Amino acid sequence: SYQCKIIFNSYVFYARTYVYKEIIFTVVNNENCFDNIFWGIKFIEHDDYTYQSKTINYFALEKMQQFFENKNLKIIKHKIGYPALVEHKQIALSFTHHGNFVGYAFK
């Protein structure tokens, strides 16, 4: 993996990039601590959008169910467009999909 610091205008971000034979995956945070950032990537059989979307939702929910007693979690699209988990409050999620890979990250 690689670590980097990104400075854009007055904003500072930190990134961890994981390089695999088949894919490069980057997770970014506004702090240089990734202890509470959870992420996953996986290979999928089909690369059509509908399959990618269903698979990433299921994949992310599997991980998030480890953190919440409520096993009926639901992912919605926030009014400004990003995916969010509905629990007592909304938790922002980051999804990615390209070809036969899907990935998620959340804090």
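**Exercise 1. The β2–β3 pair**

How many residues stand between β2 and β3 in the hairpin that they form? State the sense of their pairing and one residue pair across it.

Solution. The model is a predicted one.
- Step 1: the hairpin of β2 and β3 has four residues between its strands.
- Step 2: the pairing of these two strands is antiparallel and runs over six bridges.
- Step 3: across the pairing, Asn29 in β3 is the residue opposite Tyr14.

**Exercise 2. The two faces of β3**

Sort residues 24–29, which make up strand β3, into a covered and an uncovered face.

Solution.
- Step 1: side chains in a regular strand point alternately to the two faces of the sheet.
- Step 2: on the covered face of β3 are Phe25, Val27 and Asn29.
- Step 3: Ile24, Thr26 and Val28 belong to the uncovered face.

**Exercise 3. A nonpolar patch**

Which residues form the nonpolar patch on the surface, and which elements give two or more residues to it?

Solution.
- Step 1: the patch consists of Ile6, Phe8, Tyr11, Phe13 and Val28, whose accessible area together is about 480 Å².
- Step 2: β1 and β2 are the elements that contribute two or more residues.
- Step 3: take Phe13, which lies in strand β2. A patch residue needs over 30% relative accessible area, and Phe13, partly exposed, has 31%.

**Exercise 4. A positive phi**

Locate Asn9, give its phi, and decide whether Asn9 is buried or exposed.

Solution.
- Step 1: Asn9 sits in the loop that joins β1 (2–8) to β2 (11–19).
- Step 2: the phi of Asn9 is near 55°, which is positive although the residue is not glycine.
- Step 3: the relative accessible area of Asn9 is 65%; Asn9 is therefore exposed, since the cut-off for that class is over 50%.

**Exercise 5. Cysteines**

How many disulfides does the structure contain, and why is Cys33 not bonded to Cys4?

Solution.
- Step 1: a disulfide requires two cysteine sulfur atoms within 2.5 Å.
- Step 2: under that rule, the count is zero.
- Step 3: for Cys4, the nearest cysteine sulfur belongs to Cys33 and is 16 Å away. Cys33 is not bonded to Cys4 because 16 Å is too far for a bond, and Cys4 holds the closest cysteine sulfur to that of Cys33.
- Step 4: Cys4 is partly exposed at 34% relative accessible area, and Cys33 is partly exposed at 37%.

**Exercise 6. A salt bridge**

Which side chains meet in the salt bridge, and how many residues apart are they?

Solution.
- Step 1: oppositely charged side chains can pair when their charged atoms come close.
- Step 2: the structure has one salt bridge, between Lys107 and Glu31, with an N to O distance of 3.6 Å. The cut-off is 4 Å.
- Step 3: this pair connects distant parts of the chain, as Lys107 is in the segment after β8 (101–106), Glu31 is in the loop between β3 and β4 (38–43), and the two are 76 residues apart.
- Step 4: Glu31 has a relative accessible area of 42% and is partly exposed.

**Exercise 7. The whole chain**

Describe the element order, extent and burial of the protein chain.

Solution.
- Step 1: the protein chain has one helix and eight strands, in the order β-β-β-β-α-β-β-β-β.
- Step 2: the C-alpha trace spans about 40 × 35 × 25 Å along its principal axes.
- Step 3: of the 107 residues, 33% are buried.
- Step 4: the chain exposes about 7,700 Å², of which carbon and sulfur atoms supply 51%.
- Step 5: among contacts with a separation of 6 or more, 34% join residues 24 or more positions apart.

Conventions:
Residues are numbered from 1 along each chain as its sequence is written. This is a predicted model: local features need pLDDT of at least 70, side-chain atom pairs count only at pLDDT 80 or more; totals for chains, interfaces and linings use all residues. Side-chain values use heavy atoms; hydrogens and water are left out. Buried means under 20% relative accessible area, exposed over 50%, partly exposed in between (1.4 Å probe, protein chains only). Two strands pair if DSSP finds at least two bridges between them. Patches are made of residues with over 30% relative accessible area and no salt bridge: like charges are joined within 9 Å, nonpolar side chains (Val, Leu, Ile, Met, Phe, Trp, Tyr) within 5 Å. Accessible areas come from the Shrake-Rupley method with a 1.4 Å probe; for residues, only the protein chains shown count as cover. Contact means heavy atoms within 4.5 Å.
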